[in-house]
Amino acid sequence: MSVSEDSTITMLKEITTTFKCDSISLLDVDTFMVGTYDHRPPIRTIDVDGNEGEVQHKLLPDKPYKFYKSACTYLPSTKTILFTDIEQHTVYMCDIKSERGRVITHDKIRAPRGMCAVANGNVFVCSKKTHSIVEVSLRGDVLMAHDVGMYLPCAISVSTDGSRLVVANSARGQRKIKLFNIV
């Protein structure tokens, strides 16, 4: 896809997959990391030519997930995979360079879904059942829970300059997108 100065979006290529996609992030310039559902393992790679690969890490569960029960993202600066398991209330942080990782569980993390990294290296995780976003260090320490004033937050992103955070929810009849300044 390319986006012009007047915000016109042009499709560059369509890629057919053998798996169902639930989340996606850029692994490198030509490859994507994809969270899957009804597929084992739950994380795959696919490049712009349609070549598929598996992502395995000793900490990642090797089971198929149902739709919306997990999500993944990739932090290229630290070569870290983040993976959430909604039913186990768990966030997995997997360093693909060293094969080390952390399994994060905490009473503030309930039904984790979307996540993103911020400029200071920390990660924000949507905690749907606590109606908050939880800030986690790359060491796996839960630093703080932030009340975002919305029911069931599920998706989150940070601006490229690191100054703003956007959070969306999945509550029927109460769907919102909120924009926050990061100070």
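Buried means under 20% relative accessible area, exposed over 50%, and partly exposed in between (1.4 Å probe, protein chains only). The model is predicted: local features need pLDDT of at least 70, side-chain atom pairs count only at pLDDT 80 or more, and totals for chains, interfaces and linings use all residues. Residues are numbered from 1 along each chain as its sequence is written, and side-chain values use heavy atoms, with hydrogens and water left out.

**Exercise 1.** Classify Ser25 as buried or exposed, and place Ser25 in its strand.

Solution. Start with the element: Ser25 sits in strand S3, residues 20-28 (strands are DSSP runs of E, at least two residues, numbered from the N terminus). Next, accessibility. Ser25 has 10% relative accessibility, so Ser25 is buried. Last, contacts (heavy atoms within 4.5 Å). Beyond neighbours within four places in sequence, Ser25 contacts Phe32, Met33, Thr73 and Tyr74.

**Exercise 2.** Do the same for Thr31.

Solution. Thr31 belongs to strand S4, residues 31-37. Its relative accessibility is 16%, so Thr31 counts as buried. With neighbours within four places in sequence set aside, Thr31 contacts Leu26, Thr45, Ile46 and Asp47.

**Exercise 3.** Find which elements give two or more residues to the largest nonpolar core.

Solution. A nonpolar core is a set of buried Ala, Val, Leu, Ile, Met, Phe, Trp, Tyr and Cys residues joined through side-chain atoms within 4.5 Å. The largest one has 12 residues, among them Leu75, Val91, Val125 and Val134. Strands S7 (70-75), S9 (90-95), S12 (123-127) and S13 (132-136) each give two or more. A second, separate core has 11 residues, including Met33, Cys72, Phe83 and Cys94.

Technical notes. Helices (H or I, at least four residues) and strands (E, at least two) are DSSP runs, numbered from the N terminus.
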